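Got your viewer open? Load the model, keep the selection box handy, and let's take a walk along the chain.

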Amino acid sequence: MALVASAACLLAAPCAQGASAPPRDISIPGGSLDAALLRLAQESGEQLLYSPELVAGRRAPPVQGRLTSDQALAALLAQSDIEAERAGPKVVVLKRRGAAAIAPGETRPFGEAAQVEPPSVPRASVVEALTVTGTHLRGVTDQPSPVLALDRGDLDRSGYETVAGALAALPQNFGGAAAEGAINTGADRSGNNTSYASGLDLRGLGANATLILLNGRRMAGAGAKGDFVDISTLPSIAVQRVEVLLDGASAIYGSDAVGGVVNVLLRRDLQGAETRISGGESTHGSPGEAQFSQAFGRRWSTGGFFLGYEYRTRSDLLAADRPFSASADLRPLGGTDHRTFFAHPGNVLRLDPATGTQVVGWAIPAGQDGRGLTPSQLLAGASNFGEPREGEDILPEQTSHAAYGALHQDVGERLEIEGDLRFGRRRFSTLIAAPTSTFTVTRANPFFVSPNGGATDSIAYSFASDLPQPVTEGTAQSFSTSLGARLDLGHAWRLESYGTFATETDASHSRGLLNASSLQEALGSVADRPQTDFNTARDGFFNPFAGTPSNTPAVLAFIGAGFIDTTSRDRVTSADLQADGPLFHLPGGDLSLALGAQARREAFREGGVNFTSGVAPSAGAKVDLSRTVTAAFAELRAPFVSPDNAWPGLDRLELSLAGRIERYDDFGTTSNPKLGALYAPLPGALLRASYGTSFRAPSLRELSDAPINSPSLLPLNGARVLSLVQFGGNPNLRPETAHTWSAGLEVGPELMSGAHVSVDYFNVRFRNRIDQPARQSLLTALSDPALASFVALIKPATNPADHARIAALLADPATSTAQGSFPPESYGAIVDARFVNTGSLQVSGIDLAASYDTDRLNGHVRLAATASDLLHYEQQLTPTGSVVERAGIAGFPAKFRARTTAEWSKGSVSALAGVNFIGAYKDATGLRIGSQETVDLQLRVAPARFAGTSLALSVRNLFDEKPPFYDSPAGVGYDATNADPIGRFVSLRLAKSW
């Protein structure tokens, strides 16, 4: 059931004689007091006025039975210090017991007549008929699709200080895409998260298949493709609640709403101020973080505003600081050795006639300076090994500033206008892997020595000991604004219109890279170029035969001056108009209709400069793409049976229908329906089901991305093969389409006192999925039979046709040398990782949510659990390919994830313990990866003598459990898509409301 918190809006409430309505069937599950008050308001038609601070973090017991609204409200508030005063026939004001009355003579508790005309009621939050995520209709409390809701208290109790952290921990989220910790570890199969952003990937369907909204509005995209939303700069102090729709919703919202919808709702106003200071650190020393938040606001009789600012900083986490990532040699942990022959000292390569590829023939000995080295001193049959992630971070350093402002104002009795403005700037910095290369050395190099009397040597080399650790740093800057109006049309109809502008600008700068052209010049393989300031006679030659660092600073500065600068900007501009209201009355209630239209303009730009080859920086391929989208939508909800006209065995029956048509000017039109049904055989038991189609339009870059060829070392049969990987767009892409359906059962406290349980089955079937199959499984691309059509194994050293093919690709300006420069003979494979419409993907599973509230242990106890059991993740890469089960395979979503919590509270003190569990799964070879169990703890106190002040101590991973071992082909000993490398993390948060 969707539990939603209150929205802040304005009300002038005249005093009048009044009392609550006659008794009616009330059913409110225990949980957040904020959500319970909303449920009561929706069921009773009352308006409840209170400040968000009054109910923040408070819990309410379950309430059910045939009660008046006054009786139900009294039961909800019985265990608190909050009291209610009636300010009008349908208006109730909540305040702390003992606080000053709203105005002298204005109200009497619960409906007693007031004798004096009062002034306007001070501004407070009003629980009114709201539009919740998953529908355009107001006043909907239950939906055919499951919705998770997290209010401010839930976010605070998660142990995370950011919205991104709390949502990433949901059992339904997968950390393999758009997660900062998956990039440097090789776990991010998409490779699009160039700004180390934090997105969400519901069901593992892709971060671009999860639609993220801000106050119901679209946000601009982040990353190299602009195809997912970065939530890392949303100020947590401004968040009122988050609603997560766990179902496809293209019939409501259009493209991208395949895996689900996450709607982050920010605060509209605040009476006073709020300050938060927090800090924490891993008990291993790093990373550490600190956060400061400040909010101001005011309410008046016809409006209000909110201003919030947040600063956050977190240090980096080096791979060397954790035993499971310190070395690619995983044999001590029970795995294999993933070190490479790119090493210092280097290795002289030879041609393997059996495979046609270059392999290590001689190791360059350590402990010598490369001067006077003789052929006999080269170690035949031996190999030096290099650490592919030596000196690298597994988590980047992050610093962010975020600000948000909102204003709303009534204009007369029927019109409300509102606007908001958001700005975020995040700076990231991370140490990346040292450059490696295979290069040819000739006799022109004074240090040259040949083990076999040849005229050239081919050497595999790592520059980790020669050059400073390369760094990628940059900024991610987001901006959005919206302006809207709501007009009461009469007869319960409302017209809403708004315009939105959002932009995301990502800039990254990688420095300390190898310049392949400069290396050739420093080796003497080419003559000194007059265009450079380097001179081998003056500055010296690069010595690749040294076993200790022996090259001069001038040589190293010359070859290590490479860099790549990239800037991208995604922009979304939209205008929306919609209306909703009742058409006529059915036996079970009003037949409601919503209809509307949207026009949206999407644009993406990218440009950059590259200096990893050549004598001067060169401009990268510029991307400047845009398109226009127009849409029309409608939604109908028909309640045939309600508790007011219930029959035995039929307490409620409600059907819904929604549809949306969208036209894209670059590929055409798509239409998507959605059907839903709610059936309650008796009070407290609700069955729900939905079916719909969803789609995701190809992103601008997926259609038009410039081609790039990049060398990469990929594993094959225990060795690593140098492969040229081709990336690029595809103008012939078709939209992804999906059929989604779900069915669930919800049982409330009417049947189980104090308990609430929901079970939902989901099934999503993708067709024509836009993907890069080889890139998604790049580390197994050469060995996975399912990817054979995307891989060409070549022998350019012995096959002239293969040599001509790879040489032509290497000569293409689209070929990058940022990872090193390698001769054609070094390559053993060509991998096609360009975008294509693949076969299909079918994902199905079961979600479970349960809670139980009771008064025990001299206080209030709440037990809760959420879980997601992935039954199938069946992938078919091509229309004629075989179906492969990926559920529970490393790099894909785990089969089972769960979180359970137990909370005890009494007055101003509360304690919460949580257990996070991920079931055992397997790697691609079938080896078992153990289950993960971590325990979280939070203690919170809000002393009465310091009104408005609270202190919370949180410990994540209390027993400092290490991730289960995974023999990753990337050379780290854990699965970064399903595990957290931080370990025990202790934080303290001080909050004060003014």
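In which loop is phenylalanine 946 found? Select it and look to either side: phenylalanine 946 is in the loop between β51 (932–941) and β52 (949–956). Those labels are DSSP runs numbered from the N terminus, where helices are H or I runs of at least four residues and strands are E runs of at least two.

A quick word on what you have loaded: it is a predicted model, where local features need pLDDT of at least 70, side-chain atom pairs count only at pLDDT 80 or more, and totals for chains, interfaces and linings use all residues. Residues are numbered from 1 along each chain as its sequence is written, and side-chain values use heavy atoms, with hydrogens and water left out.

**Stop 1: phenylalanine 946**

Turn on the surface here. Phenylalanine 946 is partly exposed, with a relative accessible area of 43%. The cut-offs go like this: buried is under 20% relative accessible area, exposed is over 50%, and partly exposed is in between, using a 1.4 Å probe and protein chains only. Now add proline 470 to your selection and draw a distance between the two C-alpha atoms: they are separated by 50 Å, and the residues are 476 apart along the chain.

**Stop 2: the whole chain**

Zoom out. Colour by secondary structure and you have 12 helices and 53 strands in view. The radius of gyration is 31 Å, close to the 30 Å from the globule rule for 994 residues, so the chain is as compact as a globular protein of that length. (That radius is taken over C-alpha atoms, and the rule is 2.2 Å times the number of residues to the power 0.38.) Along the principal axes, the C-alpha atoms fill a box of roughly 110 × 60 × 50 Å.

How much of the chain is buried? Buried residues make up 59% of the 994. Contacts, meaning heavy atoms within 4.5 Å, often link distant stretches of sequence: among those between residues at least 6 apart, 71% join residues at least 24 apart.

**Stop 3: the sheet around β14**

Select residues 260–266, which is strand β14, and colour them brightly: seven of the seven residues are buried. Both faces are covered, with Gly260, Val262, Val264 and Leu266 on one side and Val261, Asn263 and Leu265 on the other.

Next, show the neighbours. Strands of a sheet pair through backbone hydrogen bonds, either parallel or antiparallel. Two strands count as paired if DSSP finds at least two bridges between them. Select β11 (residues 210–214), which runs parallel to β14 and is joined to it by five bridges; there, threonine 210 has glycine 260 as its bridge partner. Then select β13 (residues 239–245), which pairs with β14 in the antiparallel sense over six bridges. Two partners to click on are leucine 245 with valine 261, and valine 242 with valine 264.

Now take in the whole open sheet: five strands in the order β10-β13-β14-β11-β12, with mixed pairing. β10 (147–151) and β12 (217–218) stand at the edges with a single partner strand each, so one side of each has no neighbour in the sheet.

**Stop 4: helix α7**

Which residues of α7 are buried? Select 516–523 to find this helix, where seven of the eight residues are buried. They are Ala516, Ser517, Ser518, Leu519, Glu521, Ala522 and Leu523. To see their cover, show β25 (436–442), α8 (536–539) and α9 (553–559), which are among the elements that provide it.

**Stop 5: long strands side by side**

Jump to β30 (residues 589–610) and β32 (residues 623–641), an antiparallel pair with 15 bridges. Alanine 599 has threonine 630 as its bridge partner in β32. From β32, move on to β33 (residues 652–664), joined to it in the antiparallel sense by 12 bridges. Here valine 641 partners leucine 653.

**Stop 6: backbone oddities**

Select serine 286 and proline 287: a cis peptide bond joins them, with omega about 0°. Proline 287 lies in the loop between β15 (272–282) and β16 (288–300). The bond from histidine 344 to proline 345 is also cis, with omega near 0°.

Finish with leucine 857 and asparagine 957. Leucine 857 is not a glycine, yet has a positive phi of about 55°, and asparagine 957 likewise has a positive phi of about 55°. Buried or exposed? Leucine 857 counts as exposed at 69% relative accessibility, whereas asparagine 957 is buried at 8%.
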